[in-house]
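Visitor: I would love a close look at a single part of this structure. Could you pick one helix, take me through it and what surrounds it, and then move on to the rest?

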Amino acid sequence: MSKHKCSKEIYKSFLQATSVRYSGLALSEVSPQGLSHDSVSRWLQSTHFKPSDIWKEAKDFIDKKEPCILIADDSILSKPRSKKIDLVHYQYSGNAHDVIAGIGLVNLLWHGCDSSTSVPIDYRIYDKPTDGKTKNTHFCEMLKMAKNRGICPDAVVTDSWYSSLKNLKTIRSMGWYWVTGLRKNRKVNRGVSIADLDIPDEGLKVHLRGYGWIWVFRFVASSRRTDYIATNFESPTRDQVVAIMKARWAVEVYHRELKQTCGIERCQARTGRAQRNHIGLAIAAWFSQHRRRCLEKITLYEQNWRIIKQAITVKMQALLI
């Protein structure tokens with residue numbers, strides 16, 4: 001029986017190095033410390049990794065003096081064969097365009113306007129049956145936490161899911177601006193749907209029922225999909241709104257890399273505590289990779305190639321003997 005214990009650094013290193021298997025068994029097979037499968041499972045269920053641990057790692061990597069935006073978005077960690085795993089609920093997935101079984105993850109990303117660097121500063125796991133909180137509740141709590149930590153963004157950016165009156169008023173109460181999508185049937189002025197308005201390219205100032213005066217812009221994509229982007233900026237320009245919405249894409253890249261390079265969806269532990277720890281450690285593993293890429297000025301593909309090329313060299317040498 002192995003006397004060695006798993007640790008945060010060992011688990012993070014494993015998530016960064018592997019690209020195929022992410023189980024405790026796989027870690028025990030490759031661990032230089034000779035970890036057993038059971039020791040990894042016990043550690044994952046007994047440790048307590050929290051969202052605040054991400055902030056401890058990220059706070060020294062962001063420049064609070066740099067103009068920034070806060071991007072909030074959620075993602076579903078797919079668990080198609082997981083009826084006995086805690087935290088799994090049937091939820092709508094934007095990627096799948098369907099209701100799927102998975103764990104809901106609400107993320108808050110700091111994005112530097114000058115450096116174009118994105119840093120995760122907070123996250124919440126959506127599990128209403130346990131804590132009674134909606135995604136909107138988690139969203140507002142993370143914004144309040146960000147303010148308490150001294151972050152002052154140029155704008156808070158979200159999609160239409162987080163455009164409720166309560167959320168918009170919460171952002172305004174903090175003295176911040178917001179940029180968000182609005183659904184086409186959202187009522188403005190005297191009960192008029194946004195889709196029925198004639199909105200010029202330079203935007204249109206309208207009265208949002210229950211909130212006050214805002215600006216709305218209309219964008220038509222190449223697929224002919226129409227998006228309505230609203231903001232409480234006092235005199236926004238179309239170029240300003242376009243730049244902010246382009247920066248919002250950083251959170252989509254973040255979600256994709258979490259799933260493809262750190263195995264955030266791949267843990268099959270059944271307990272909620274083990275799942276929470278794996279998710280937090282996967283985010284920490286991504287941040288360690290991202291920080292190294294920024295410091296060394298390399299791409300994600302170069303970073304991944306560095307990991308596997310040594311193994312390929314060893315294998316080729318063995319085959320040529």
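Guide: Happily; we will begin with one helix and its end, then turn to aromatic rings, cysteines and a few loop residues. Please keep in mind that this is a predicted model.

Our helix is helix 9, which covers residues 272–296. Its 25 residues reach 36 Å from the first C-alpha to the last, close to the 36 Å expected at 1.5 Å a residue. Helix 9 is mostly covered, with 18 of the 25 residues buried.

One residue to pick out along this helix is Phe287, which forms an aromatic pair with Phe61. The two ring centres are 5.6 Å apart and the planes meet at 85°, an edge-to-face arrangement. This pair links distant parts of the chain: Phe61 sits in the loop between helix 4 (51–58) and strand 1, while Phe287 belongs to helix 9, 226 residues away. The partners also have their own surroundings: Phe287 is buried at 2% relative accessible area, whereas Phe61 is partly exposed at 23%.

Now follow helix 9 to its end. Next comes Lys297, with a positive phi near 55°. A little further on, Thr299 lies in the loop that leads from helix 9 to helix 10 (300–320). Thr299 is partly exposed, at 47% relative accessibility, and its side chain reaches the backbone nitrogen of Glu302 at 3.1 Å.

Most residues other than glycine have a negative phi, and the model offers further exceptions. Leu87, in the loop between strand 1 (68–78) and strand 2 (89–93), has a phi near 75°. His97, in the loop between strand 2 and strand 3 (98–112), has a phi near 55°. Leu87 is buried at 7% relative accessible area, while His97 is exposed at 62%.

Back to the rings: a search of the whole structure finds 6 aromatic pairs. Among them is Tyr11 with Trp43, whose ring centres are 5.7 Å apart and whose planes lie at 40°, so this pair is tilted. Tyr11 is in helix 1 (residues 8–17) and Trp43 in helix 3 (residues 37–46), 32 residues apart, so to speak of distant parts of the chain is apt here too. Both are covered: Tyr11 is buried at 2%, and Trp43 is buried at 14%.

Rings also meet charged side chains. Lys135 lies over the face of Trp161, 5.4 Å from the ring centre. Arg172 lies over the face of Tyr211, at 4.0 Å from the ring centre. Tyr211 can also be placed relative to Ser164: their C-alpha atoms are 10.0 Å apart, across 47 residues of chain. Ser164 is in the loop between strand 5 (155–158) and helix 7 (165–173), and it is partly exposed at 26% relative accessibility.

Finally, the cysteines. The structure holds 0 disulfides. The sulfur of Cys68 has its closest cysteine sulfur in Cys113, at 6.4 Å, which is too far for a bond. For Cys152 the closest cysteine sulfur is in Cys68, at 7.6 Å, again too far for a bond. Cys68 is buried at 2% relative accessibility, while Cys152 is exposed at 57%.

Note on methods. Residues are numbered from 1 along each chain as its sequence is written. This is a predicted model: local features need pLDDT of at least 70, side-chain atom pairs count only at pLDDT 80 or more; totals for chains, interfaces and linings use all residues. Side-chain values use heavy atoms; hydrogens and water are left out. Helices (H or I, at least four residues) and strands (E, at least two) are DSSP runs, numbered from the N terminus. The expected span of a helix is 1.5 Å times one less than its number of residues. Buried means under 20% relative accessible area, exposed over 50%, partly exposed in between (1.4 Å probe, protein chains only). A polar contact is a pair of N or O atoms within 3.5 Å; within protein, one must be able to donate a hydrogen and the other to accept it, and residues adjacent in sequence count only if both atoms are side-chain atoms. A disulfide is a pair of cysteine sulfur atoms within 2.5 Å. Rings of Phe, Tyr and Trp (its six-membered ring) pair if their centres lie within 6.5 Å; planes under 30 degrees apart count as stacked, over 60 as edge-to-face and the rest as tilted. A charge sits over a ring if NZ of Lys or CZ of Arg is within 6 Å of the ring centre and within 35 degrees of the ring normal.
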